[in-house]
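Grab a coffee and pull up the model for a few worked exercises. Each one sets a task and then walks through the solution.

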Protein chains: 2
Amino acid sequence: MAHGSGGRLTQQLIDRVMLRALGNEALAARHDAARLTPGPEVRLAFCTDSHVVSPLFFPGGDIGRLAVFGTANDLAMAGAEPRWLSAGFILEEGLPVATLERIVASIASAAAAAGVTIVAGDTKVVERGRGDGVYLTTAGVGCVHHGLVIEPRSVRAGDVVLVSGDVGRHGMAVLAQREQLAFDPPLASDCAPLWPAVSALLAAGVEVHCLRDLTRGGLATAIIEIAETAGVGVTLEEAAVPVSEPVRGACEILGLDPLYVACEGRLAAFVPGEQAAAAIQALAAAAPGGPPANVGVVQARTPGEVTLRNPIGVARVLERLSGEQLPRIC
Amino acid sequence: MAHGSGGRLTQQLIDRVMLRALGNEALAARHDAARLTPGPEVRLAFCTDSHVVSPLFFPGGDIGRLAVFGTANDLAMAGAEPRWLSAGFILEEGLPVATLERIVASIASAAAAAGVTIVAGDTKVVERGRGDGVYLTTAGVGCVHHGLVIEPRSVRAGDVVLVSGDVGRHGMAVLAQREQLAFDPPLASDCAPLWPAVSALLAAGVEVHCLRDLTRGGLATAIIEIAETAGVGVTLEEAAVPVSEPVRGACEILGLDPLYVACEGRLAAFVPGEQAAAAIQALAAAAPGGPPANVGVVQARTPGEVTLRNPIGVARVLERLSGEQLPRIC
C-alpha cells in the first residue's frame, strides 16, 4: 500500500520501475503534465481505454502490449498518427514487483513498435482483494495529417467493407489461457499496431470513410455500431470473412461465433466501392494478419441493420449480443 | 458483467448514463477517438491520473469531481488552459446504476465548472470483489498560451514559495468520512479548479517558474520533489503555512502532520522574489481557499533539501514519508 502513497516508496517505484524502462525527456521533467509540440498540425485525436484483461499474460501479448497497441489503434482509427500515450496503473497490494517490471518492459517495447512515447503516468495501489493484479488505463494523442473526416457518419451507400486480416484470435487466445484449454496448434493473440495499415491506405489515396478496430464484441458488433450511427444498411458475406482454422475449430468446440470474438490487430475499413481494389492492395502490403478481404457492402435501405448472408445465400439480421461471449478479454 | 461486454447492455449503459449526462459533439460521433482542434496553439499539455478514493462520496466532493478537477489542475500546473478530458471507468459488478449516475452527473457539473469537455471514454466491468465500486482514470489535454517553461527545473535561487490557501482539508475530510469521525465543525474537501488562479498569475505578468497542486503527500512532499528535481534548497516557515483550525485540531487528535496531508484545490507557486507581492495579489483575487501566503524561499545551498523552520526558529530537514499517513485519498 505504501507504494501508492505518494511518499518515498512511490518515488522508488517510479524511479526504479517506470522511469528505468520508459525514461524520456517528458517523464524526466517530473512535472504534473507533459508538454506536447505537435508542430503545424491543427487537428489532433484523443482517446482512452481501460484494460482489465485476465490473465495479465497470454500467448501473443500481455496487458501492457494490449493497452499500448489498443490506444494507438484507436487513434489510427480516427486517421491519426499515434504520438503520445499516458498510462494510469491501478495496482493490487501484493503484486510482485517483478510482474510489474515485466509489464512495464512490455509497454516500453510495444511503444517503440507502435512509434509512440509514454509521456505521462500515474500509479495507485489498492488493498489486496480490491483489484486483480494490474488494471491499466491508457490515453493517447495523435496527429491528423489529412483532410478526411474518418468516422461512422461519413459512411455512404456504395461503400465496401474491408477486413484487414483473419478475425477472432485475441479473444480465443485469452480464453484458452484463462480456462487452461490446450489447442493444437496453440492460439496466440493478434495484438498488433494498425497505424501502418491506415497510413498505407491514406498514402494510396484511398478516400477512407470509416475505420474501426475489431476489439470487444468483434467484427459483428463493430459493423452494427457503425451501421446504426451512420444510418445505413450493411450486408456481410459470411464466407468472405477470414477466420483461421484454429480459431474456427476452437469456436466450434466452445459454441462461440467468431464474428463476435475480439481481435486486437485487425480493422474494418469502409471505402468507396470503386477504390476497393486499391485499398485491398494497400492493406495487403501493410496490415498484419492478412490477406485482407472484401466482406460486405453498404446500402441505403434497411438503415441501421446489418445482414449476414451465409454461404448458401440465406440471410439473417445480426444483433448485438446481450452480454459478451467472453468477459475481460481486454 | 454483461454491461462491460461491448454488447447491447454496454451500449445501453453508454447511452442512458454516459451520453445523457455528458453528451457533446465529440461523444455523439461514437468513434474510437475524438477530434481536437486546438487552433493556432502549437504547445499542448497532456496528463493522466487514476482515482481510487474510498469512500466514493465525501463532504465537499466525490470520485468524479476529484478526477475532473485533479486532471484539469495537473494541466493548469503546466501553465495550460484545461480543455479536453477522457474518462476510463472500471466498475465493480453489482455497482448500483444509481451510484454510477450520481458520479457521472458530478463529472458533468465539475467539467462545466472547470471549463473542460469530456470527449472520450471507456467502460470496463470486473467481477464482484475484484474492484471497489468505481475506479476512474482521467486524462487531459490543455493549451499553452504563453512562452514560459513552468516546471521544476525552472526554479531558481531567490524564488519565493507561495501557497494559494489553507492546506490539508481534502485528506482530513476523506479520512473523517471513511473512519466515521465526527468533527465539529465538519471537515469538507477543498476540491476545486485551479486554472483561474494560474490564469490570474499569468495575466498579472508574473514570471511563474513552477506550479504544483498539493495532492497526495501534501505540501511537504510537493516541495521536496521540486527541490530535488530542480537541484535547489528550500526553506519553509512553518508558521506561515495556512492551516485552518478544524484541520489543525483534527491532525493533532490523530497525530498527523498537516504539511503531509493532501489538498485538491491548493497550489504552490515558485515565482521570482521581486514578484511576490504581485503574485500574492493575483492569487488572492482568484484562488480558492485563500488568503494565499508566502511560505518560503529558494536558495542555491543544500540542493535537494527542504528545511522547515518552526515558529521559534528551530530548523529541521523535511523528509518524504516512507508510506502515506492516509491511503486511498485520491
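**Exercise 1. A bridge between loops**

Which residue forms a salt bridge with Arg130(A), and how far apart are the closest N and O atoms?

Solution. First, a word on what you're looking at: this is a predicted model, where local features need pLDDT of at least 70 and side-chain atom pairs count only at pLDDT 80 or more, while totals for chains, interfaces and linings use all residues. Residues are numbered from 1 along each chain as its sequence is written, chains are lettered from A and ligands numbered from 1 in the order in which they are written, and side-chain values use heavy atoms, with hydrogens and water left out.

Step 1: find the partner. Arg130(A) pairs with Asp132(B), and the closest N and O atoms are 3.1 Å apart. That passes the salt-bridge rule (a side-chain nitrogen of Lys or Arg within 4 Å of a carboxyl oxygen of Asp or Glu).

Step 2: place both ends. Arg130(A) sits in the loop between β6 and β7 (134–144) of chain A, and Asp132(B) in the loop between β6 (117–126) and β7 (134–144) of chain B, so this pair joins two chains. Helices (H or I, at least four residues) and strands (E, at least two) are DSSP runs here, numbered from the N terminus.

Step 3: recall the background. Side chains of opposite charge can pair when their charged atoms come close.

**Exercise 2. Sizing up the chain A and chain B interface**

Work out how much each chain puts into the contact, and what kind of residues chain A brings.

Solution. Step 1: count residues. Chain A gives 84 residues and chain B gives 84 residues, with contact meaning heavy atoms within 4.5 Å.

Step 2: look at area. The two chains bury about 6,700 Å² between them, 52% of it on carbon and sulfur atoms. Buried area is the accessible area (1.4 Å probe) that two parts lose on being put together, summed over both. On the chain A side, Asp32(A), Phe46(A) and Arg216(A) lose the most, together 12% of what that side buries.

Step 3: tally the polar links. The rule finds twelve salt bridges across this interface; one of them links Arg328(A) to Glu127(B) at 2.5 Å, N to O. There are also 38 residue pairs in polar contact, both residues at pLDDT 80 or more. A polar contact is a pair of N or O atoms within 3.5 Å; within protein, one must be able to donate a hydrogen and the other to accept it, and residues adjacent in sequence count only if both atoms are side-chain atoms.

Step 4: see who supplies the surface. Strand β6 (residues 117–126) of chain A gives the largest share of its side, eight residues. By class, the chain A side splits into 38 nonpolar, 23 polar and 23 charged residues. For these classes, Ala, Val, Leu, Ile, Met, Phe, Trp, Tyr, Cys and Pro count as nonpolar, Asp, Glu, Lys and Arg as charged, and the others, Gly among them, as polar.

**Exercise 3. Strands across the chains**

In which sense do strand β1 (residues 34–36) of chain A and strand β2 (residues 44–51) of chain B pair, parallel or antiparallel?

Solution. Step 1: they run antiparallel, over three bridges; pairing calls for at least two bridges found by DSSP.

Step 2: for a landmark, find Leu36(A), which stands opposite Leu44(B) in β2(B).

**Exercise 4. Two domains in chain A**

Describe how the domains of chain A meet.

Solution. Step 1: set the bounds. Domain 1 covers 8–143 and domain 2 covers 152–318, as given by an automatic or database domain assignment. Their centres, taken over C-alpha atoms, are 27 Å apart.

Step 2: check the contact. Here 21 residues of domain 1 touch 20 residues of domain 2, and the buried area is about 1,600 Å², with 67% from carbon and sulfur atoms. Within domain 1, Pro59(A), Asn73(A) and Met77(A) lose the most area, together 35% of what that side buries.

Step 3: look for polar links. The domains share zero salt bridges and four residue pairs in polar contact.
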